[in-house]
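Hi,

Here is the structure I said I would pass on. Have a look at it first, and my notes follow underneath.

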Amino acid sequence: MRSPTAPDVLLPMLPFTGVTMQNPPGVAGDDWLIRASPRTARPDAAACPTHRRIAMRPQLVAEPAVPFLPTPYEEFGFGPLFTALDLVEHHGWSVERVRAELRGSRGPFRGRGAPVHPVHLAWTAHALERYVAARTREQAAAEELGLPPTAAVEHPWTWRTRRTDAPDSRGARQYEHTLWGRMYASADGTVRDLWLPSLGRAKTSRPDAELGAVAQVMAYGAPAPRRRARDEPPAEASDTIRPPDLVRVFDVGCADGSVEPLLGVAPRFGESPVEARKRFEGDAVPAFLAATTATGTRPGESCVDCKAAAGCTDLRRNPNLWGGRPPAVARKRRSVSAWDLRLHAQCPAQYHLVRRLHLNDLSTENEGARRGRAVDSWLDARHGERPVRGCRDRAAPDPAALRSGTGLDDASAREASGMLAEHRLLCPLNGLDADERVLVQHRVTAYVPELDVVVLAVPDLVYTHRGRWIWRETKTSALPLWEREPLLRTYPQLALGVLLFHAGALGDDPRRSWVELEHLREGHGESRLERLDPGRAEIVEEARDVIAGLAQPLLDDTTYEPRTGRHCHGCQARTWCRPGTAYVTDHPLPHDADAPSRADGPKPGVPPQSRGGVLVHD
C-alpha cells in the first residue's frame, strides 16, 4: 500500500510551459517517456541543449539508425568494479576471491561486456579493496550512532509517474527518475544509503540540483529491475510501501578510500515529505525543466553520442580534413584531442587508461606544469576582460602575488612572473581596435564524415585583426624551442589549427588567417612569436602529414599496449601498470627533472577542451 504522502509528490514534476517539443532532424521515434538521472541536473555550459533534451527521451533513436559497434576494451571505468562489488555484496564472495578472479581474467570480467585492459583490472582490484574497507569503517561508525546496518539492494530505486493518456506540453506521458551508484538499505527500510564512487579522491560536494534529484528518488523511489535501453517501463507509478526515515549519500574515492558525506536528511519521510520535496522542487525541478525544454545547438563534445548528429546542420562538415582512412575494425564514434594524439604516441596504454577511463593515482603535477597553469589562468582572465585591453600597459604580477594565489614555490613564481612580463610585448590585444572580436578558449568544431569524426579545437585565443582571423596558442617553457624538429610536429595543435583554418572552420578564405605560437620563457628577450600561414600549400601538406601520422595509429589501435619512457614518471595510471612501474624504478629522474613545463606536452588532469586542447571525435 502506498504511503499516504506519496501521491502528491508523484504528480508530474514539470509545470505547463506552453512549449511544444518537436523531434530535430535526424531523430525518429516517440517522445512520450522522459527519463532523468541526477547527472542531468548538473550544470554543463559546454553541453548542447538539443543533445540534452533528446538524450532524456530514450524512445527516440537516430535516423538513419546507428548500428551497435563493440569496443576493443571496456570504456566505463567503474564497470568492472561494479561487477566485482556485485560478487561481494550479492553473492557472498570474499574480497580476496574476487581479487584472484581479477588477476586471472583474460578478456571480459566474469564474461560480461567488452574485454578489460590488464591495467584496468589491476586498478579494479585496488579500488575494490579500498571501497569495501571504507564501507566497513562507515558501518562501524553508524553502529556507534545507533543506526541499523545497511545491505546492498538488488534492484536500483526508480521514481516513476503514472502513464497518462494525453501528453503534456513537452509531449511526455510519463516521467521516470533514476539513480546511479551503489545502493543500500536497512532491513526494516528506515535507512537508505547511496554511495557514489569517484576515480580519485572523494568529492566534497556536488551541485544542489543533483542532490535534490537524488533525495527525491531515495525518499520515494521503489526497487525496479533493470531494463534494456528501449524497453518500456510499467504504465503504473512506482510505489514504495514505507518511505525511509533517513536518507544518506556518500562519495567514496577509489584511489585512496576517502569518504565524504554529501547528504544526510532525516525528515521522517513516512510522515512528512517536506525536506525532500523542498530540495527537489527548489533545486532539481528548474534544472530538469531547462534540460527537457532546451532548444538550439552547441556543437562540441555532445556530438560524440548525439542521436541528432546526422541531421544537425550546425555541425560543419569537412571531408578529407587530413586524408585519414577508416580503421580496419569499425568503431563507434569516439573522441581524441591534440593531447590525446601526443599521449597515444607516447604510450597507447596511457591514452586508454588516463584519457578514456580517467584513472587517477593522485600523483601531483611537477612545478613546471603548475607554473604553466598559473600563467594560463592569468592570461585568460586578462584577455577575457571587456572592453578589450592589451597587456602592454599592465604590470606583470610580482612573484609574491603569484605564490600566494597559486601555491607555486619561489622559483616557479619568479619564472611565471618573468614569462608574464615577456608576454606584455607579445600580447595580440595590444592596439587592437574596439570593434575586433576576441574569443578566449573558443570552441571550433568540424566533422569528417568519411571517418565519422567530430573535430573539436579550443585554442587559447582567437581574434580578428582587420578582417583576418588569428589563432593564438601560448606555451611556457624553461627551454628554448628545439630547432631540429618542425614546429607543427612539436605542437600538433598548431597543425590541426592550420587544417581547420584551411577548411574554412572560421572563415571561407584561409589566406586571410594565420596560426600563431607564443613561446614564453623567463629571460628577457628569450620568448618568441612564430606564425604559420594556412593559405600556403606546403604548410597545409605538412600539417596533414603530422595529424595523419598521429591520428591513424590511434584510430587503428585495438590493444593499447604500454610503451615505457620518461613519460611514465608523470602517468596517472602508472601505479597499476607493471611495465611503467619497472621503468620508473630503473630510470629515476634527476633532481631538476620537473624544470621543463608540462605546457610542452599533455597536462594531466585537465579536460581536453582546456588550454589549447584540440579534440577529434570519431
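**Cysteines, a cavity, a helix and a sheet**

Cysteine 427 counts as buried, with a relative accessibility of 5%. Keep in mind as you read that this is a predicted model.

I went through the cysteines to start with. Searching the whole structure turns up zero disulfides. Cysteine 427 is therefore unpaired: the nearest cysteine sulfur belongs to cysteine 391 and sits 3.6 Å away, whereas a disulfide needs the two sulfur atoms within 2.5 Å. Cysteine 254 is in no disulfide either, and its nearest cysteine sulfur, on cysteine 571, is 18 Å away. Cysteine 254 is also buried, at 1% relative accessibility.

Next, the cavities. There are four of 30 Å³ or more. The second largest holds about 80 Å³ of space, and 13 residues line it. Which of them come closest to its centre? Those are Cys347, Gln350, Cys568, Cys571 and Cys577. So Cys571, which carries the sulfur nearest to that of cysteine 254, turns up here again as one of the residues closest to the cavity centre. Sorted by class, the lining has seven nonpolar, four polar and two charged residues.

Which helix gives the most to that lining? Helix H9, residues 348-356, does, with three residues. H9 is worth a look in its own right: nine of its nine residues are buried, so the helix is largely enclosed by the rest of the structure. The buried set includes Gln350, which we just met by the cavity centre, and also His352, Arg355 and Arg356. After H9 comes histidine 358, with a positive phi near 65°.

Last, the sheet. Five strands form an open sheet in the order S13-S16-S17-S18-S19, and the pairing is mixed. Strand S13 (438-440) and strand S19 (528-532) are the edges, each pairing on one side only. Direction ignored, neighbouring strands in this sheet are turned by 20° against each other on average. Within the sheet, strand S17 (residues 468-476) runs parallel to strand S18 (residues 513-520), and the two pair over eight bridges. If you want a spot to zoom in on, isoleucine 470 stands opposite tryptophan 514 of S18.

Happy to go through any of this with you.

Cheers

Key
Residues are numbered from 1 along each chain as its sequence is written. This is a predicted model: local features need pLDDT of at least 70, side-chain atom pairs count only at pLDDT 80 or more; totals for chains, interfaces and linings use all residues. Side-chain values use heavy atoms; hydrogens and water are left out. On a 1 Å grid over the protein atoms alone, a cavity is a set of points where a 1.4 Å probe fits but cannot get out, and a pocket is an open set with protein on both sides within 12 Å along at least five of seven lines; lining residues have an atom within 4 Å of a point. Grid points are joined across faces, edges and corners, and a volume is the space filled by probe spheres set on the points. Helices (H or I, at least four residues) and strands (E, at least two) are DSSP runs, numbered from the N terminus. Ala, Val, Leu, Ile, Met, Phe, Trp, Tyr, Cys and Pro count as nonpolar, Asp, Glu, Lys and Arg as charged, and the others, Gly among them, as polar. Buried means under 20% relative accessible area, exposed over 50%, partly exposed in between (1.4 Å probe, protein chains only). Two strands pair if DSSP finds at least two bridges between them. Axes are lines fitted to C-alpha atoms, for helices over the stretch in contact, and angles run from 0 to 180 degrees between N-to-C directions.
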